[in-house]
Amino acid sequence: MTAGQRERLESLRRAYTRDLPARVRAIGEAAASLEPGDREKLQSLHHLVHRLTGSAAIYGFTGLSRAASALEALVYSALAGTAGFEPERGPSLADLVVALKSELAAATASSKQEKGDP
Amino acid sequence: MSRKPLSRVLLVEDDPDVQVVASLALSEIGGLVVEVCGSALEALKAAPVFQPDLILLDVMMPGMDGIAAFEALKKDPRLAATPVVFMTARAQSHEVARYRELGSLGVITKPFEPESLAETLRGLWESRDV
């Protein structure tokens, strides 16, 4: 890979990093607005979380991707009708959203350190 | 007799963040000619015109998913012989086995390495029974 290609990839990563807070915020809002039986909102939440799971890993945010993946699994189970948002075992939907926000904070802090920002 | 090298790839992926990295990986880094489609329906229209050597198809997409798209592609006589490689974040072994049983050339799991994505596709392309 040439230096120019590496810089192009890095530039994409920077742009993605800038947008991350808005993506996680959208997921938090979608989760908070869920109403019982509203399958459309559930599908919309699943779509947002699924995208974050895949893209965060590709851009190197493995912790964030793992947190998104855990949330995605719960939402997927809810869509399939095999679990609710507060399962008897394991974290609830709200817990997983909190974990996602925590991973975002870690990812953002790590990116600032890489750039040498205070 | 040497085989035709892999040249044209149709990338079917709904997420713009993944599209842009995969496209860079395949075209700028990998030297392939790439057309990007954001949905299965778009791909079904574009593929006969673009005539790809290979289709890289995301499994989980809103609307028509990758599996339904694969089945539709295989029903089109113009595309039935075009190899399809699935791309998925859900890479449990039974799912990978299912994608292979459907007749795909292979499965690439997300996250992929941008540096080696094109080489991985070339390896699958070379492994075809022709």
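## Exercises on a two-chain model

B:Gln51 has 13 other C-beta atoms within 10 Å and is therefore partly exposed (a residue is buried if 20 or more other C-beta atoms lie within 10 Å of its own, exposed if 12 or fewer, and partly exposed in between, with the C-beta atoms placed from the backbone). The model is a predicted one, in which local features need pLDDT of at least 70 and side-chain atom pairs count only at pLDDT 80 or more, while totals for chains, interfaces and linings use all residues. Residues are numbered from 1 along each chain as its sequence is written, and chains are lettered from A and ligands numbered from 1 in the order in which they are written.

**Exercise 1.** Describe where B:Gln51 lies in chain B and what is notable about its phi.

*Solution.* Begin with the place: B:Gln51 belongs to the loop that runs between helix H2 (40-50) and strand E3 (54-58) of chain B (helices, H or I with at least four residues, and strands, E with at least two, are DSSP runs numbered from the N terminus). Then turn to the backbone, where B:Gln51 has a positive phi of about 50° although it is not a glycine.

**Exercise 2.** Set out the secondary structure of chain A and of chain B, and then the extent of each chain along its principal axes.

*Solution.* Count the elements to start with: chain A has four helices and zero strands, in the order α-α-α-α from the N terminus on, whereas chain B has five helices and five strands, which follow the pattern β-α-β-α-β-α-β-α-β-α along the sequence. Next take the extents: the C-alpha atoms of chain A fill a box of roughly 50 × 25 × 20 Å, and the C-alpha trace of chain B spans about 35 × 30 × 30 Å. For chain B there is a further check, because a compact globule of 130 residues would have a radius of gyration near 14 Å, and the 13 Å of chain B agrees with this (the radius is taken over C-alpha atoms, and the globule rule is 2.2 Å times the number of residues to the power 0.38). Finally, look at burial: 32% of the 118 residues of chain A count as buried, and 42% of the 130 residues in chain B do.

**Exercise 3.** Find how the length of helix H3 of chain A agrees with its expected span, which of its residues are buried, and what follows the helix.

*Solution.* Helix H3 (residues 62-80) of chain A has 19 residues and reaches 26 Å from its first C-alpha to its last, which is close to the 27 Å expected at 1.5 Å a residue (the expected span is 1.5 Å times one less than the number of residues). Among the buried residues in H3(A) are A:Leu64, A:Ala68, A:Leu71 and A:Val75. After the helix comes A:Gly81, whose phi is positive, near 80°.

**Exercise 4.** Describe the contact between the two chains and the packing of H1(A) with H1(B).

*Solution.* Count the residues of the contact: 16 come from chain B and 14 from chain A (two residues are in contact if their C-beta atoms, placed from the backbone, lie within 7 Å). The side of chain B that touches chain A has eleven nonpolar, no polar and five charged residues (Ala, Val, Leu, Ile, Met, Phe, Trp, Tyr, Cys and Pro count as nonpolar, Asp, Glu, Lys and Arg as charged, and the others, Gly among them, as polar).

Two packed helices are described by the angle between their axes and the distance between the axes. Helix H1 (residues 3-32) of chain A and helix H1 (residues 16-29) of chain B pack at an angle of about 180°, with their axes 11 Å apart (axes are lines fitted to C-alpha atoms, for helices over the stretch in contact, and angles run from 0 to 180 degrees between N-to-C directions). H1(A) and H1(B) are therefore roughly antiparallel to each other (angles under 35 degrees count as roughly parallel, over 145 as roughly antiparallel, 65 to 115 as roughly perpendicular and the rest as oblique). Residues making this contact include A:Leu9 and A:Leu12 of H1(A), and B:Val20 and B:Leu24 of H1(B). By class, the contact of H1(A) with H1(B) has seven nonpolar, one polar and three charged residues.

**Exercise 5.** Locate B:Ala89 and decide whether B:Ala89 is buried or exposed; then name its contacts.

*Solution.* B:Ala89 is in the loop between strand E4 (84-88) and helix H4 (93-102) of chain B, and B:Ala89 counts as buried because 21 C-beta neighbours lie inside 10 Å. Leaving aside neighbours within four places in sequence, B:Ala89 is in contact with A:Thr53, A:Gly54 and B:Lys110. As a last step, consider B:Lys110 itself, which is joined to B:Pro111 by a cis peptide bond with omega of about 5°.
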